[in-house]
Amino acid sequence: MPKTAQERTLPQIIISTDDHERLMRLSSAAARTMPDVASVLAEELDRAQVLPRDRWADAVVCMGSEVEFRDDMTGRIQTVTLVFPDEADIGQGRISILTPIGTALIGLAVGQSITWETRSGDERRLTVLGVRQATA
């Protein structure tokens, strides 16, 4: 069973007002079909500092961000784009927020690390190395 946010030491995260509202609705909608991931996403949203998008740095992972991160257990570096479920395409590196790794990435800043639990129950740790915001 996944650990709750209170059972892990978690880094401070920042989420934009717009992303927070949309993700709260998504979490509620996913509660029946994906209760574990929806619950973890809701916990992340509850603990996040919510700010207007113009009040925080571009080095924070938000929806649509391209994120370079390192798997701290293997040293493998990956680059993915964090997206809503209907935009996900693993072959194109587009990772849904409704995956354990997507939920782990939201709100992190460059240099921050987080321990997260895979769907199989394994604990992993990742560190954000770079963030590039989508251009409008």
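## A sheet and a helix

In this predicted model, E68 of strand β3 stands opposite G130 in β7. That pair is a handy way into the sheet, so to speak, and β3 is a good strand to follow from here.

**Around β3**

Strand β3 covers residues 66-71 and shows two faces. V67, F69 and D71 make up the covered one, while E66, E68 and R70 sit on the uncovered one. So E68, the residue we started with, belongs to the uncovered face, and V67, on the covered face, stands opposite V80 in β4.

β3 pairs with β4 (residues 77-83) and with β7 (residues 123-132), and both pairings run antiparallel. The hairpin of β3 and β4 has 5 residues between the strands, and in that hairpin G75 takes a positive phi near 85°. Further along, β7 also pairs with β6, again antiparallel, and here T115 has R125 in β7 as its bridge partner.

Here are the pairings side by side:

| Strand pair | Bridges | Direction |
|---|---|---|
| β3 and β4 | 5 bridges | antiparallel |
| β3 and β7 | 6 bridges | antiparallel |
| β6 and β7 | 5 bridges | antiparallel |

**The whole sheet**

Put together, the strands form an open sheet of 5 strands in the order β5-β4-β3-β7-β6, with mixed pairing. Which strands stand at the edges? They are β5 (94-96) and β6 (113-117), and each has a single partner strand, so one side of each is left without a neighbour in the sheet. On average, neighbouring strands of this sheet are turned by 45° against each other, direction ignored.

**Helix α1**

Now for the helix α1, which takes in residues 17-30. Its 14 residues, at 1.5 Å a residue, should span 20 Å, and the end C-alpha atoms are indeed 20 Å apart, so expectation and model agree.

Which residues of α1 are buried? The list is D19, H20, L23, L26, S27 and A30. Looking down the axis of α1, these buried residues fall within an arc of 130°, so they line one face of the helix. On the other side of α1, D18, R25, S28 and A29 are exposed.

And what covers the buried residues of α1? The cover includes β1 (14-16), α2 (35-47) and β2 (49-51). In short, α1 has a buried face lined by residues such as L23 and L26, with exposed residues, R25 among them, on the other side.

Conventions. Residues are numbered from 1 along each chain as its sequence is written. This is a predicted model: local features need pLDDT of at least 70, side-chain atom pairs count only at pLDDT 80 or more; totals for chains, interfaces and linings use all residues. Side-chain values use heavy atoms; hydrogens and water are left out. Buried means under 20% relative accessible area, exposed over 50%, partly exposed in between (1.4 Å probe, protein chains only). Helices (H or I, at least four residues) and strands (E, at least two) are DSSP runs, numbered from the N terminus. Two strands pair if DSSP finds at least two bridges between them. Axes are lines fitted to C-alpha atoms, for helices over the stretch in contact, and angles run from 0 to 180 degrees between N-to-C directions. The expected span of a helix is 1.5 Å times one less than its number of residues. The arc is that of the directions from the helix axis to the C-beta atoms. Contact means heavy atoms within 4.5 Å.
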